[in-house]
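Reader: I'm new to this one. Could you walk me through its rings and its core?

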Amino acid sequence: MRPLEYIGGQVDRAAYITRHRPEYSLVHYANQNLMKGDRILCVFLGNRRYYFEIDTLFYEWSQFKDLVVRASDAQALTNVMRQKGITHVMVGMEGLRYWSHQNLTTKDQIKVHRWLQSDLKTIAEKNGYALFKLRVDSEKK
């Protein structure tokens, strides 16, 4: 772990945490670039909200599944998120892929895929994690 490098000042906090938490580079990006009032839905990240300096909502896989299953389509999924004040979504992509194939019907997998493609704009990706922004209607593909 080499904590002495951090304690001794050879590496900064962000570099030290990034070595041990692959999602941290996106968390750091979000902390530096998102605005007050933005809110991130975090899915397949674990529950490490203590790294975030902006408002977050963490969903367990069962909560996310319930959201997906109840939504009639990708737009309905986005509408629910907007009602919750969510402006961004941060996802562990491998976790999402694996979980989707294990837990969702083909219809719901397609719904999630369409939602990712049409309703979310990729802001940043690194180490298997992605930060998306919910698109406004005029930005949709």
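Author: Sure, ring rule up front: rings of Phe, Tyr and Trp (its six-membered ring) pair if their centres lie within 6.5 Å, and planes under 30 degrees apart count as stacked, over 60 as edge-to-face and the rest as tilted. This is a predicted model, where local features need pLDDT of at least 70, side-chain atom pairs count only at pLDDT 80 or more, and totals for chains, interfaces and linings use all residues. Residues are numbered from 1 along each chain as its sequence is written, and side-chain values use heavy atoms, leaving out hydrogens and water.

Reader: How many aromatic pairs does the structure hold?

Author: One of them joins Phe52 and Phe58, edge-to-face with 80° between the planes and 5.9 Å centre to centre. Counting the pairs in the structure gives 5.

Reader: Why is the pair of Phe64 and Trp99 called tilted?

Author: Their ring centres are 5.6 Å apart. The pair counts as tilted because the planes sit at 50°.

Reader: Is Phe64 buried or exposed?

Author: Buried means under 20% relative accessible area, exposed over 50%, and partly exposed in between (1.4 Å probe, protein chains only). Phe64 has 2% relative accessibility, so Phe64 counts as buried.

Reader: Which element gives the largest share of the largest nonpolar core?

Author: A nonpolar core is a set of buried Ala, Val, Leu, Ile, Met, Phe, Trp, Tyr and Cys residues joined through side-chain atoms within 4.5 Å. The largest one has 26 residues, and Phe64 and Trp115 are among those with the most contacts inside it. The largest share of this core, 4 residues, comes from α5.

Methods
Helix = DSSP H or I, 4+ residues; strand = E, 2+ residues; numbered from the N terminus.
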